[in-house]
Each structure stands twice: as C-alpha cells, then as structure tokens.
Amino acid sequence: MTKAIWNGTVVAESDATVDVEGNAYFPPDSIRSELFEPSDTTTVCGWKGTAHYYTLAIGGERNVDAAWTYPDPKDAAKNIAGHVAFWKGVRVE
C-alpha cells in the first residue's frame, strides 16, 4: 500500500498507484478530497499535457500547489488521467 503523507496526515493511500518519471500517481478515489483545495496554477508537459494543481490544507496549515493532476492528458499519458501526484514535502512511502 502506497501512502502520501503531509503534516502527519495520510492524504492519499492506494495499492494501485502508477509510477511515471519517479512520481507515484494515486487514483482519484484514493485521495482524501476534503484536504485538497483547487489552485489556479497550471503547467504544461510536452508529452503529458496540462497539469492542474491543488493546495493541501491540514490543521490550519497550507502547502500551496503540493499536488497535481492531469484531468485530460495527451494520449501518451491516458493511464494517469485524473490521478494525483505530490511534491513540496509530501512524503510518499
């Protein structure tokens, strides 16, 4: 079981993550959506498409743009559509 943990809280947990470029992408139903706030931030990857970001909000603290997803990826990355990956101090184990 792979877990994403920030601020002492498990924010996602799954045994069906997809590894892409060293990042574990968690299925949409494995995240604790109440801890995620949509962000206006986007970035573009040449082969995956446009990533949309989330801010984690736990215990009065916020980790801005700590998670991202590709809601409508390019064909080469269709297997991670809607999946969520993490960085900025989120521990994945």
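This passage goes through the salt bridges of a predicted model and the solvent exposure of the residues that form them.

Scanning the whole structure turns up six salt bridges. Three of them are picked out here, among them the pair made by Glu13 and Lys3. In that pair, the closest N and O atoms sit 3.9 Å apart, which still makes the list because the cut-off is within 4 Å. The contact also ties together distant parts of the chain, with the two partners 10 residues apart. Glu13 belongs to strand 2 (residues 9–14), while Lys3 belongs to strand 1 (residues 2–6). As for solvent, Glu13 comes out as partly exposed at 36% relative accessibility, and Lys3 is partly exposed too, at 31%. Neither residue counts as buried, because that label is kept for values under 20%.

Next up is Lys78, which pairs with Asp72. Here the closest N and O atoms are 3.7 Å apart. Lys78 has a relative accessible area of 41%, so it falls in the partly exposed class. Asp72 reaches 61% and is classed as exposed, because the line for that class is drawn at over 50%.

Then there is the salt bridge where the side chains of Arg91 and Glu93 meet, with an N to O distance of 2.8 Å. Arg91 is another partly exposed residue, with a relative accessibility of 46%. That value keeps Arg91 out of the exposed class, because exposed means over 50%.

Technical notes: Residues numbered from 1 in each chain as written. Predicted model: local features only at pLDDT ≥ 70, side-chain atom pairs only at ≥ 80, totals over all residues. Heavy atoms only, no water. Helix = DSSP H or I, 4+ residues; strand = E, 2+ residues; numbered from the N terminus. Buried < 20%, exposed > 50% of the residue type's maximum accessible area, 1.4 Å probe, protein only.
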